Every structure is written in structure tokens, then in C-alpha cells.
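Q: I am new to reading protein models. Please pick out one part of this one, look at it closely, and then link it to what surrounds it.
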Amino acid sequence: MIRNDRLTQKVDYAYAAIADAPVRSIWVAGACPLDLDGETVAVGDYAGQTHQMMCNLVTALEGAGASLIDQLVEVEATAVIAGACG
């Protein structure tokens with residue numbers, strides 16, 4: 001499990017996990033539109049929340065030693081309206 005100091009520590013989950021066998025895999029989750037203080041950003045602004053979620057995803061990947069330019073096998077994104085993440 002990877003906890004990244006550049007992401008809020010006020011959640012009960014890690015943003016990324018690594019498995020090294022049979023091949024190195026990085027699993028990311030919980031890319032909610034939260035700032036470092038754990039507050040929901042851009043309330044009511046779905047584009048702004050999506051931007052923050054993608055920034056959090058990039059930060060989580062960087063903490064695992066990866067980036068968006070690495071080979072992504074599967075990406076599943078679910079947008080939840082009404083601030084369920086924060």
C-alpha cells in the first residue's frame with residue numbers, strides 16, 4: 001500500500017498499491033476531488049472536480065514510481081454526482 005504525503009491523509013485508504021508478481025502492477029483508487037486538507041474542491045463544478053481527481057491520480061502514480069505515460073492496461077472511472085467522495 002502506498003500512502004503519499006502529497007495527498008490528503010484524512011482518508012481511510014491508500015491511493016495506490018503495488019504487486020510485483022507475476023509482473024509489476026499498480027492499482028490506484030480513491031481519486032476523489034479532495035485537496036491536501038481533505039476538503040472537496042470545486043463543489044458543483046464537475047469539470048473542476050474531474051481536474052482535481054486527475055491531479056490526484058497522477059500524484060498517486062508518481063508515488064508508486066509511475067506516470068500516465070506508462071502502459072495502462074485498464075482504466076475504469078466512475079463519476080459520482082452530489083459529492084459522495086468528500
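Where is the place of Tyr15, and is Tyr15 buried or exposed?

A: Tyr15 sits in the segment before strand 1. This is a predicted model, and every value below is computed from it. Tyr15 has a relative accessible area of 5%. The cut-off for buried is under 20%, so Tyr15 counts as buried. Asn4 gives a distance to check: the C-alpha atoms of Tyr15 and Asn4 are 7.6 Å apart. Along the chain, 11 residues separate the two.

Now look at the company that Tyr15 keeps. Tyr15 belongs to the largest nonpolar core, which has six residues. The other members are Leu7, Val11, Cys32, Leu34 and Ala60. The general rule is simple: in soluble globular proteins, nonpolar side chains tend to be buried together.

Take Leu34 next. Leu34 lies in the loop between strand 2 and helix 1. Its relative accessibility is 3%, and that is why Leu34 counts as buried. Lys10 is 24 residues away from Leu34 along the chain. Their C-alpha atoms are separated by 9.7 Å.

Val11 is also a core member. Set aside the neighbours of Val11 within four places in sequence, and two contacts remain: Arg3 and Leu34. Leu34 is therefore a partner of Val11 by contact, and both are in the core.

Ala60 brings in the helix. Ala60 is one of the buried residues of helix 1 and a member of the core. The other buried residues of helix 1 are Gly48, Gln49, Gln52, Asn56, Leu57, Thr59 and Leu61. Strand 1 and strand 2 are among the parts that cover these buried residues. A note on helices helps here: an α-helix has 3.6 residues a turn, so residues three or four places apart point the same way.

How does the length of helix 1 check out? Helix 1 has 18 residues. At 1.5 Å a residue, the expected span is 26 Å. The C-alpha atoms at its ends are 25 Å apart, which agrees.

Stay with helix 1 and look at Gln49, which lies in it. The relative accessible area of Gln49 is 8%, so Gln49 is buried. Beyond four places in sequence, Gln49 contacts Pro33, Thr40, Val41, Ala42, Val43 and Gly44.

Two of these partners deserve a closer look. Thr40 is in the loop between strand 2 and helix 1. At 23% relative accessible area, Thr40 is partly exposed. The C-alpha atoms of Thr40 and Gln52 are separated by 9.3 Å, with their positions 12 residues apart along the chain. Ala42 is in the loop between strand 2 and helix 1 as well. Its relative accessible area is 30%, so Ala42 is partly exposed. Ala42 also has a phi near 50°, a positive value in a residue other than glycine.

Another backbone detail sits elsewhere. Pro22 lies in the loop between strand 1 and strand 2. The peptide bond from Ala21 to Pro22 is cis, with omega near 0°.

Go back to the segment that holds Tyr15. Arg6 is in the segment before strand 1 too. Arg6 forms a salt bridge with Glu62, and their closest N and O atoms are 2.9 Å apart. Glu62 is in helix 1, 56 residues from Arg6, so the pair links distant parts of the chain. A search of the whole structure finds one salt bridge. Arg6 is exposed, at 52% relative accessible area. Glu62, at 39%, is partly exposed.

Step back to the whole chain. There are one helix and two strands, and their order along the sequence is β-β-α. Of the 86 residues, 27% are buried. Consider the contacts with a separation of 6 or more: 39% of them join residues 24 or more positions apart. The chain exposes about 6,000 Å², of which carbon and sulfur atoms supply 57%.

How far can the picture be trusted? The mean pLDDT is 80, and 80% of the residues reach 70 or more. Residues 81-86 stay under 50. For that stretch, the model has six contacts beyond four places in sequence. Where pLDDT is low, the predicted coordinates should not be read in detail.

Note on methods:
Residues are numbered from 1 along each chain as its sequence is written. Side-chain values use heavy atoms; hydrogens and water are left out. A salt bridge is a side-chain nitrogen of Lys or Arg within 4 Å of a carboxyl oxygen of Asp or Glu. Helices (H or I, at least four residues) and strands (E, at least two) are DSSP runs, numbered from the N terminus. Buried means under 20% relative accessible area, exposed over 50%, partly exposed in between (1.4 Å probe, protein chains only). pLDDT is the predictor's confidence in each residue, from 0 to 100. Contact means heavy atoms within 4.5 Å. A nonpolar core is a set of buried Ala, Val, Leu, Ile, Met, Phe, Trp, Tyr and Cys residues joined through side-chain atoms within 4.5 Å. Accessible areas come from the Shrake-Rupley method with a 1.4 Å probe; for residues, only the protein chains shown count as cover. The expected span of a helix is 1.5 Å times one less than its number of residues.
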